[in-house]
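Reader: I am in my first year and would like to learn how to read a structure like this one. Could we go through it slowly, one question at a time?

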Amino acid sequence: MSTRLKQDPLEAIRAGAEPIGPNILPIALWVNGRPTSVRVDPATTLAEMLRDSLGLIGTKIGCDRGACSACTVWIDGEVAASCMTFALDVRDRRVTTIEGLAEDGELHAVQRAFVTHDALQCGFCTAGMVMSCAALVEHNPDCTVEDVKTAVSGHLCRCGAYPNVFSATMEAARDCRRRKPGAR
């Protein structure tokens, strides 16, 4: 005989109930530049926490195995597969999602270039691609097309928008170089 919960434990916590039992743990972290506290089961992935507990649904869960990169976020400025990262592992760290990439209401250069170059089709892989390409441009504004190909090599885009992704990222890199003080 199976016993079913009458209410999802995370729903109960969101509604203000105190967790029952040792399995729900509080964590504090920074998400998109804001201090955040959340309570999670130790088996909860970062992707699940972002989507289910924080409502940040821009991070997609595609394969749930780290093979498609739709779930890509930044952890302390580095690209990471959020479906392969436990939420507990990001305690006291800085997580940036697609929702946090824009600054002061202005899209990141990579986001703007993706729109301009039609570097998306169905959109499922787009957030992850943007996060990886933006990380590349942030770390190496002098990137080459080969660098872009390497940056998106783990991404699965079934629509085949890769050539437009390459063009968009190269334009964003040029834009970032122009915006830097003393840049060409």
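Author: Before we begin, a residue is called buried when its relative accessible area is under 20%, exposed when it is over 50%, and partly exposed in between. Please also keep in mind that this is a predicted model.

Reader: Which residues of H4 are buried?

Author: Helix H4 is mostly covered, since 12 of its 14 residues are buried. By the cut-off of under 20% relative accessible area, the buried residues of H4 are Thr126, Ala127, Gly128, Met129, Val130, Met131, Ser132, Cys133, Ala134, Ala135, Leu136 and Val137.

Reader: What covers the buried residues of H4?

Author: The cover includes both strands and helices. Among the strands are S3 (72-75), S4 (78-81) and S5 (94-96). The helices included are H3 (109-116), H5 (145-151) and H6 (162-179).

Reader: How far apart are the end C-alpha atoms of helix H4, and what span should its 14 residues have?

Author: Helix H4 runs over residues 126-139, and at 1.5 Å a residue its 14 residues should span 20 Å. The expected span agrees with the model, because the end C-alpha atoms of H4 are separated by 20 Å.

Reader: Which element supplies the largest share of the largest nonpolar core?

Author: As a general background, nonpolar side chains in soluble globular proteins tend to be buried together. The largest nonpolar core here has 30 residues, and those touching the most other members are Leu101, Val110, Phe114, Met129, Cys133, Val148 and Val165. At least two residues of this core come from each of H3, H4 and H6. The largest share, nine residues, is supplied by H4.

Reader: Which residues is Phe114 in contact with, leaving aside its neighbours within four places in sequence?

Author: Contact here asks for heavy atoms within 4.5 Å. With its neighbours within four places in sequence left aside, Phe114 is in contact with Ala119, Leu120, Thr126, Met129, Val130, Cys133, Val165, Ala168 and Thr169.

Reader: How many residues are in the second, separate core?

Author: This second core is separate, and Leu46, Met49, Ala80 and Val95 are included in it. Its number of residues is 16.

Reader: Which residue meets Arg93 in a salt bridge, and where does each of the two lie?

Author: The structure holds eight salt bridges, and in one of them the side chain of Arg93 meets its partner at 2.8 Å, N to O. The pair links distant parts of the chain, 17 residues apart, with Arg93 in the loop between S4 and S5 and the partner in the loop between S3 and S4. Arg93 counts as partly exposed because its relative accessibility is 31%, and the partner is also partly exposed, at 41%. That partner is Asp76.

Reader: How far is the C-alpha atom of Arg93 from that of Leu29?

Author: Leaving aside neighbours within four places in sequence, Arg93 is in contact with Leu29, Trp30, Ile75 and Asp76. Along the chain, Arg93 and Leu29 are 64 residues apart, yet the separation of their C-alpha atoms is 5.3 Å.

Reader: Is Arg179, which meets Glu106 in a salt bridge, buried or exposed?

Author: The side chains of Glu106 and Arg179 meet at 3.5 Å, N to O. The two residues are 73 residues apart, with Glu106 in the loop between S5 and H3 and Arg179 in helix H6. Because its relative accessibility is 53%, Arg179 counts as exposed.

How values were computed. Residues numbered from 1 in each chain as written. Predicted model: local features only at pLDDT ≥ 70, side-chain atom pairs only at ≥ 80, totals over all residues. Heavy atoms only, no water. Helix = DSSP H or I, 4+ residues; strand = E, 2+ residues; numbered from the N terminus. Expected span 1.5 Å × (residues − 1). Buried < 20%, exposed > 50% of the residue type's maximum accessible area, 1.4 Å probe, protein only. Salt bridge = Lys/Arg side-chain N within 4 Å of Asp/Glu carboxyl O. Core = buried A, V, L, I, M, F, W, Y, C linked by side-chain atoms within 4.5 Å.
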